[in-house]
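Work through the exercises below with the sequence and the 3D structure at hand. Try each task before reading its solution.

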Amino acid sequence: MTRRLMEGSEAMAEAAIASGCRFFAGYPMTPFTELLEHFAAKLPSAGGVCVNAESELEAIGMAWGALATGARAATGSTGQGLSLMQESFSEITLAELPLVAFNMARGQGDYFQSTRGGGHGDYRHIVLAPMDIGEAVEFTQLAFHLADVWRSPVLVQGDYLLAHTAEAVDVTPVDFGSLPAKDWPVDGSGGGTGRSKVISPLGIGKTNTPGPGIEGQQQAVADKMTRVASAEARSESGFLEDAEHLVVAFGTPAKFVRYAVRRLRDKGLRVGYVRPITLWPFPTDAVAEAAAGRRSVLVFELNSGQMIDDVRLAVLGRAPVLGIGGISTDHSGFGVGALLDVEVIAGRIEEAITKEGVPA
């Protein structure tokens, strides 16, 4: 094992390259810019290509073309840039292409965008939310693996803190197991053979290999998403054995929450936590099981309340669900705000569980 001190953006770029990513396209927007710069610096020596595209629309279009040939390809941006990519996300999902995308969010938690999206049709994609750079290295590699397993996009949900802090990490390639045969790319080898292919969200095919049609293709993708939801939900939890109160958080804020919970337990407060690792599929069963018998379920997120909807759906009245997060950023709107502080988080948890009707 070789550990090196690396900024998150560099570590994630190296992890992607270690996974076999050989094409990356993006448009610079802080705090995504550094990820793009590291891909530009590192991909050529690995035999790959990185393109600084004219905009996010061109970037995802270029990635789509690379994916169709069978290459492992990726793109990314901030939440603002990903907003421009939503039509292509839905089309790529319905065309069953294994895109990996990175959301290096600014001073907000883009939970709705990442899990609901703004594209058309019945499309969903897997969303992985690392809480630190070590997990970002692992989850970046896992994203490429899952994208190929399911022939579906996977989004890695990051933020300013993940992109701009540094940690000693090992970027050795991880073996996640075997993959299905990649017999679908349009690589030119089938020309003139009667076995040429078309990749399309419309379910069309060549005359000799007709596709299932629009309805058939959309139903096949919907059925696949049902299987993904059953197979890929991931979460982490702690201190549930005696907890009377539960805190739910995702991404980098979850690391602060976990430490705040430990601090509160040292004071005698019986608090536990659950961290969704996949934002979609949401770990509904894990949250529901953890919430059973608790006096309250507290949701911490850096927005006005987005994941709390999924938490309420999971809890289904087993306990009161209260939001203790909020909008918090620095003056630029890019970085870390005052709410991302262990003392502040611990104070909000303690205040919530000692209110009338929710005793500690």
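How many nonpolar, polar and charged residues does the lining of the second largest cavity have? Note before starting that the model is predicted.

**Exercise 1. Describe the second largest cavity.**

Solution.
- Step 1: the volume. The second largest cavity holds about 50 Å³ of space.
- Step 2: the lining. Leu82, Gln86, Phe89, Asn103, Gln113, Ser114, His125 and Leu155 line the second largest cavity.
- Step 3: the classes. This lining has three nonpolar and five polar residues, and no charged ones.
- Step 4: the elements. At least two of the lining residues come from helix H5 (86–94), and at least two from helix H6 (111–115).

**Exercise 2. Place Asn103, one of the lining residues of the second largest cavity, and state whether Asn103 is buried or exposed.**

Solution.
- Step 1: the element. Asn103 belongs to strand S5, which covers residues 100–105.
- Step 2: the accessibility. The relative accessibility of Asn103 is 0% and buried means under 20%, so Asn103 counts as buried.
- Step 3: the contacts. With neighbours within four places in sequence left aside, Asn103 is in contact with residues including Ser77, Thr78, Gly79, Asp110, Val156 and Asp159. Leu82, Gln113, Ser114 and Leu155 are also among the contacts of Asn103, and these residues appear in the lining of the second largest cavity.
- Step 4: a polar atom pair. A polar atom of the Asn103 side chain lies 3.2 Å from the backbone nitrogen of Gly79.

**Exercise 3. Find how many cavities of 30 Å³ or more the structure holds, and describe the largest cavity.**

Solution.
- Step 1: the count. There are three cavities of 30 Å³ or more.
- Step 2: the volume. The largest cavity measures about 220 Å³ by volume.
- Step 3: the lining. The largest cavity is lined by 21 residues, and Gln108, Asp159, Thr252, Pro253 and Leu302 are the closest to its centre.
- Step 4: the elements. Strand S7 (154–159), helix H8 (160–164) and helix H10 (251–266) each contribute at least two lining residues.
- Step 5: the classes. The lining of the largest cavity divides into eight nonpolar, ten polar and three charged residues.

**Exercise 4. Describe the largest pocket and state which residues lie nearest its centre.**

Solution.
- Step 1: the volume. The largest pocket contains about 330 Å³ of space.
- Step 2: the lining. Of the 17 residues that line the largest pocket, Arg151, Lys197, Val198, Ile199 and Ile204 lie nearest its centre.
- Step 3: the classes. Six of the lining residues are nonpolar, seven are polar and four are charged.

**Exercise 5. Count the aromatic pairs and explain why the pair of Phe24 and Phe39 is stacked.**

Solution.
- Step 1: the count. With ring centres within 6.5 Å as the cut-off, there are six aromatic pairs.
- Step 2: the geometry. The ring centres of Phe24 and Phe39 are 3.9 Å apart and the planes meet at 10 degrees; planes under 30 degrees apart count as stacked, so this pair is stacked.
- Step 3: the elements. Phe24 is in strand S2 (residues 23–26) and Phe39 is in helix H2 (residues 33–42), so the pair ties together parts 15 residues apart in sequence.
- Step 4: the surroundings. Both Phe24 and Phe39 are buried. Phe24 and Phe39 form one aromatic cluster with Phe32 and Phe102.

Notes:
Residues numbered from 1 in each chain as written. Predicted model: local features only at pLDDT ≥ 70, side-chain atom pairs only at ≥ 80, totals over all residues. Heavy atoms only, no water. Phe/Tyr/Trp six-rings, centres within 6.5 Å; stacked < 30°, edge-to-face > 60°. Helix = DSSP H or I, 4+ residues; strand = E, 2+ residues; numbered from the N terminus. Buried < 20%, exposed > 50% of the residue type's maximum accessible area, 1.4 Å probe, protein only. Polar contact = N/O pair within 3.5 Å; in protein donor to acceptor, adjacent residues only side chain to side chain. Contact = heavy atoms within 4.5 Å. 1 Å grid on protein atoms, 1.4 Å probe; cavity = no way out; pocket = protein on both sides within 12 Å on 5 of 7 lines; lining within 4 Å. Points joined across faces, edges and corners; volume = space filled by probe spheres on them. Nonpolar A, V, L, I, M, F, W, Y, C, P; charged D, E, K, R; others polar.
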